[in-house]
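Here is a friendly walk through one chain, from its bonded cysteines to its sheets and cores. Have the viewer open as you read.

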Amino acid sequence: MSGQWDESTSGADGRRRAANASRSTGAARAAGTPRAGSGSRGGVGTEKAAEATGRVPAPRPGGRAEARRAAQGKGGGRGKGDGGKGEGGKSDGTAAGGRAAARNSRKPKKNVKKVVAWSVAGVLVVLAGAGGAIYYKLNGNIKSFDADAIATDRPPEAVADANGNKPVNVLLIGSDSRAGNNSDLGGGNEGGARSDTTILLHVYADHKHAVGISIPRDALVTIPACKLPNGKWTKESPGQMFNSAFSVGNSESGNPACTQNTVEKLTGIRVDHTIEVNFEGFAAMTEAVGGVDVCLPNDIYEGHLNPNLGKKGKVVLPKGKQKLAGQKALDYVRLRHGIGDESDVGRMKRQQAFLASLMAKVKGEGLNPTTLLPLADAATKSMTVDPGLDSAKKLMDFALSMKNIDLHDVKFLTTPWRYNGPRIDLVHPAVDNLWKTLQADRTIDGEDATGKQEDAPQTPAPAETTPAAPTSAPVEGPPVKVSVYNGTTVTGLAAKAAETLKTNKVTVTGTTTAKNTNKATTTVEYGTGQKANAEKIAAMFPGAVLTPTSAAGISLVLGKDYAAANPTTATAAPSVPAPLPSEVVNEARSADDDICSNVSYG
């Protein structure tokens, strides 16, 4: 965005206030004030009280910059004894351990690189061209987390549109696990795993539009109950840093299920799939595609990548456009210092730009096995997914469902936010309107992206329909069976119509929602030999028309005319959410935007 959502702490002033808050916190610690909990790394370190309750602790103020100052002997307010037994203990796998204390007791090593978890397009689309042998190979690569780690109290599933299609919500997590070869790429020797990049990708029901929402890792949120490696569950804990959810349990592989639970709690949106990729997978993917085009507004020096270097050093990432892969690509997406206000907000903008450029690169290559098969192999080796994507076939099916999305119709934006000292608050009601917009499957500029069918004709074609009889009477003789379908988005109509039929001695075989929920006129569809009975049914619903079909029996499909005639018994569909603020819409990035635009903040 062009500015954060609270002018009182915006820009450089806001960052200075954040730094002052950090130093004040450190001074309080030196005076004996106990630490609140885990820090910027998102580890879930606990105090003794937290050990007893299993709660996820509150975030540690100050974050990464303060840790570096303490490590260099430049202050930062840690205070003597900080990072000792009060935080270093572990309990039931919930504690992050004395990670900060360990950093302060040794010379800092290579700075941790940040990672963005993609390519969604590349990883998934490639599978459409893979053969049987490739399936076996990729299946062996893919890891998934347990379904029983997903919360049972979840938002409802999305409702299908008029064409029977549903929107899909995919949670994309970039982790900085230290396991395996990840430490060689900048992870250092610290244990555990953190999520440094999280994007909720909403694929609209028409499968021609998508929007990715970046959630700041330092945003203060409520972390719901999450499953630990030992099988126990934590208690819900408010006021936590968002990225600490991934560290619950302090395992080397992280806890993507807890992050999914947290996103569902935060947004009220059901997450259909989760994909997490680590350092190694990200580096390999960028190399598999031959590099990704990026852009920087100024030169980046060695000292910007490693503030502990003690000098400016040489230029490692020059100003302007360039193509990066592997380690250099990691340097770009983790870059914070020496650009803009040196915040994570600016870094998220560059990560969005990088992902857009990677998607464009993969889409431009097409289904080229020379590029895409190595890409899929590299990604799946370092990928952890939900049980719904735990095979090459499932990934392929998902990929094919998104093949018609144009780059211009893929948008990226960050949740409405403002600084809260060294942390970030999500701004209400703007962020609530954003979640409601996605729940309603509307684009960020307020357009309907459901792919609904056009209204049915108000009058039938003469060859196919016949006006209903003008009067109604109870059906006599052999029982007449009717299936009732609600052809609108108004609830309660099918049950109301069923009561009318039962009163007139008609047997109702079932009530359900029609595939087309945008039907204008109530219709009675009938099979061979059922015209006379269909006329009797139509007479019970003024304005209904008759339509012969090849299907057996009789079906009553209710339209908007019936809904309008029954306003007291029907409940209107959810209202259209309030428009998003212009700052959200104007600052959104399209996947085909210039790679040099909107890549910094402050």
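## The cysteine pair Cys-295 and Cys-596

Let us start with a disulfide that joins Cys-295 to Cys-596, with an S to S distance of 2.0 Å. Please keep in mind that this is a predicted model. The torsion about the S-S bond is 90°, and the link of Cys-295 and Cys-596 is right-handed. Cys-295 sits in strand β8 (residues 292-296), while Cys-596 belongs to the segment after β22 (589-590), so the bond ties together parts that lie 301 residues apart in sequence.

How buried or exposed are the two ends, Cys-295 and Cys-596? Cys-295 has a relative accessibility of 4% and therefore counts as buried. Cys-596, on the other hand, counts as partly exposed because its relative accessibility is 31%.

## The cysteine pair Cys-226 and Cys-258

The structure holds two disulfides. The other pairing to look at is between Cys-226 and Cys-258, whose sulfur atoms are 2.1 Å apart. The torsion about the S-S bond here is about 80°, so the disulfide of Cys-226 and Cys-258 is right-handed. This pair links distant parts of the chain, 32 residues apart: Cys-226 is in the loop between β5 (220-223) and β6 (237-241), and Cys-258 is in helix α8 (residues 256-267).

Buried or exposed: which describes Cys-226 and Cys-258? Both of these cysteines are buried. If the bonded cysteines of the chain are numbered in sequence order, the pairing reads 1-2, 3-4.

## The chain as a whole

Stepping back, the chain contains 19 helices and 22 strands. It has 602 residues, of which 53% count as buried. The accessible surface of the chain comes to about 24600 Å², and carbon and sulfur atoms account for 52% of that surface.

What share of the contacts between residues at least 6 apart in sequence joins residues at least 24 apart? For this chain the figure is 75%.

## An open sheet of eight strands

Now to the strands. An open sheet of eight strands, with mixed pairing, follows the order β1-β12-β7-β2-β3-β4-β13-β22. β1 (143-144) and β22 stand at its edges with a single partner strand each, so one side of each is left without a neighbour in the sheet.

Within this sheet, strand β2 (residues 168-175) and strand β3 (residues 195-203) pair in the antiparallel sense, with eight bridges between them. Val-170 has Leu-201 as its bridge partner in β3. Helix α12 lies across β3, β4 (210-214), β13 (410-414) and β22, and runs at about 170° to β13.

## Two nonpolar cores

The largest nonpolar core has 51 residues, and the members that touch the most others are Ile-275, Ile-300, Tyr-332 and Phe-354. Which helix gives the most to this core? That is helix α12 (residues 344-365), with seven residues. Apart from this core lies another, of 37 residues, among them Leu-171, Tyr-204, Met-348 and Tyr-601.

Ile-275 is a good residue to select in the viewer. Leaving aside residues up to four places away in sequence, Ile-275 touches Val-170, Leu-171, Leu-172, Ile-173, Met-383, Thr-384, Val-385 and Leu-389.

## Strand β21 and its partners

Why is strand β21 (residues 554-558) described as largely enclosed by the rest of the structure? Five of its five residues are buried, so the description fits. Ile-554, Leu-556 and Leu-558 point one way from β21, whereas Ser-555 and Val-557 point the other way, and all are buried.

β21 pairs in the parallel sense with strand β17 (residues 481-486), over five bridges. Asn-486 has Leu-558 as its bridge partner in β21. β21 and strand β19 (residues 523-526) run antiparallel and are joined by four bridges. Glu-525 stands opposite Ser-555 of β21.

## A glycine in strand β6

One last stop is Gly-239, which lies in strand β6. Its relative accessibility is 37%, so Gly-239 counts as partly exposed. Gly-239 and Ala-219 are 20 residues apart in sequence, and their C-alpha atoms are 8.9 Å apart in space.

Technical notes: Residues numbered from 1 in each chain as written. Predicted model: local features only at pLDDT ≥ 70, side-chain atom pairs only at ≥ 80, totals over all residues. Heavy atoms only, no water. Disulfide = S-S within 2.5 Å. Helix = DSSP H or I, 4+ residues; strand = E, 2+ residues; numbered from the N terminus. Buried < 20%, exposed > 50% of the residue type's maximum accessible area, 1.4 Å probe, protein only. Core = buried A, V, L, I, M, F, W, Y, C linked by side-chain atoms within 4.5 Å. Contact = heavy atoms within 4.5 Å. Pairing = 2+ DSSP bridges. Axes fitted to C-alpha atoms, helices over the stretch in contact; angles between N-to-C directions. Areas by Shrake-Rupley, 256 points an atom, 1.4 Å probe, with all protein chains shown as cover.
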